[in-house]
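Me: Please take a close look at a single part of this one for me: the inside, where the side chains meet. I'm in my first year, so plain words would help.

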Amino acid sequence: IFAAIPLFYMKQFLVTLIITFLLLTGTAFYLNSIDPAYDVMTLILANALLAVVTFISFNMIYNGIKRKQGESMYRAKIGSTMLKFFVIIGAVLLYVVTREKGMLHRPTIMSFAGAYIIYMVLETIILSKIARTAK
């Protein structure tokens, strides 16, 4: 029975991740329809990047929890946080550097930061459920 519980959460995470990706992609198109200054392609690429990094981060921490050693879970959490931090900072810097002067749209960057928070909360909720069942 215990082995099936984390698999359930893994499937739940994947379904939730896909639904979140689709909702945020729809939000990007909606924001562009309200204000054409929003860069839809940048928001969709950022959304895809966040979904992939969140999936990798989830797997790192999930494997740390499965090892049943406290320090492996903490190492996985720190490693996944560093991975997300460097990838996201790199993506924002790439966006800033590739834009022409005066063409930088700050609400697009803030939307990217909002999507990051949404993915982080999603990952944290499901991982905390897994950690509670693993004890």
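Reply: Let's start with a word we'll need all the way through: a residue is called buried when its relative accessible area is under 20%, exposed when it is over 50%, and partly exposed in between. By that yardstick, 34% of the 135 residues of the chain are buried. Keep in mind that what you're looking at is a predicted model.

Now for the general layout. The chain has four helices and zero strands, so the order from the N terminus is simply α-α-α-α, with each helix given a number. Along the principal axes, the C-alpha atoms take up a box of roughly 55 × 25 × 15 Å. If you look at contacts with a separation of 6 or more, 73% of them join residues that are 24 or more positions apart.

Let's zoom in on K84, which sits in helix α3, the stretch covering residues 70-98. Is this lysine buried or exposed? K84 is buried, because its relative accessibility is 4% and the limit is 20%. For a contrast in that helix, try T81, which is also found in α3. T81 is partly exposed, because its relative accessible area of 37% falls between the two limits.

So what does K84 touch? Apart from neighbours within four places in sequence, its contacts are V53, S57, Y116 and E123. Pick out E123 from that list, since the side chains of E123 and K84 form a salt bridge, with 2.7 Å from N to O. E123 belongs to helix α4 and K84 to helix α3, so this pair ties together parts that are 39 residues apart in sequence. Here's the idea behind it: side chains of opposite charge can pair when their charged atoms come close. E123 is buried as well, because its relative accessibility is 2%.

The structure has two salt bridges, and the pair of R99 and D39 makes a nice comparison. In that bridge the closest N and O atoms are 2.6 Å apart. R99 is in the loop between α3 and α4, while D39 is in the loop between α1 and α2, so the bridge links parts that are 60 residues apart in sequence. R99 itself counts as partly exposed, because its relative accessibility is 29%, whereas K84 is buried at 4%.

Back to K84, which also helps line a small gap. Rolling a probe the size of a water molecule over the atoms shows where empty space is left. Here the count comes to one cavity of 30 Å³ or more, and the largest cavity has a volume of about 30 Å³. Which residues line the largest cavity? They are L50, V53, T54, K84, I88, Y116, Y119, M120 and E123, and you'll spot both partners of the K84 and E123 salt bridge among them. The lining splits into six nonpolar residues, one polar and two charged. Helices α2, α3 and α4 each give at least two residues to the lining, and α4 gives the largest share, with four.

Y119 is a good one to follow next, since this tyrosine lines the cavity and also stands out in the largest nonpolar core. That core has 21 residues, and F58, Y119 and I130 are the ones that touch the most other members. Each of α1, α2, α3 and α4 supplies at least two residues of this core. Y119 lies in helix α4 and is buried, because its relative accessible area is 1%. Leaving out residues up to four places away in sequence, Y119 touches L17, T20, F21, L24, N47, L50, A51 and T54.

F58, another of those well-connected core members, leads you back to where we began. Beyond residues up to four places away in sequence, F58 touches M10, F13, E123, I126, L127 and I130. A second, separate core has six residues, including A28, L31, V40 and L43.

To pull it together, E123 is a handy residue to remember: E123 pairs with K84 in a salt bridge, helps line the largest cavity and is touched by F58.

Technical notes. Residues are numbered from 1 along each chain as its sequence is written. This is a predicted model: local features need pLDDT of at least 70, side-chain atom pairs count only at pLDDT 80 or more; totals for chains, interfaces and linings use all residues. Side-chain values use heavy atoms; hydrogens and water are left out. Buried means under 20% relative accessible area, exposed over 50%, partly exposed in between (1.4 Å probe, protein chains only). Contact means heavy atoms within 4.5 Å. A salt bridge is a side-chain nitrogen of Lys or Arg within 4 Å of a carboxyl oxygen of Asp or Glu. On a 1 Å grid over the protein atoms alone, a cavity is a set of points where a 1.4 Å probe fits but cannot get out, and a pocket is an open set with protein on both sides within 12 Å along at least five of seven lines; lining residues have an atom within 4 Å of a point. Grid points are joined across faces, edges and corners, and a volume is the space filled by probe spheres set on the points. Ala, Val, Leu, Ile, Met, Phe, Trp, Tyr, Cys and Pro count as nonpolar, Asp, Glu, Lys and Arg as charged, and the others, Gly among them, as polar. A nonpolar core is a set of buried Ala, Val, Leu, Ile, Met, Phe, Trp, Tyr and Cys residues joined through side-chain atoms within 4.5 Å.
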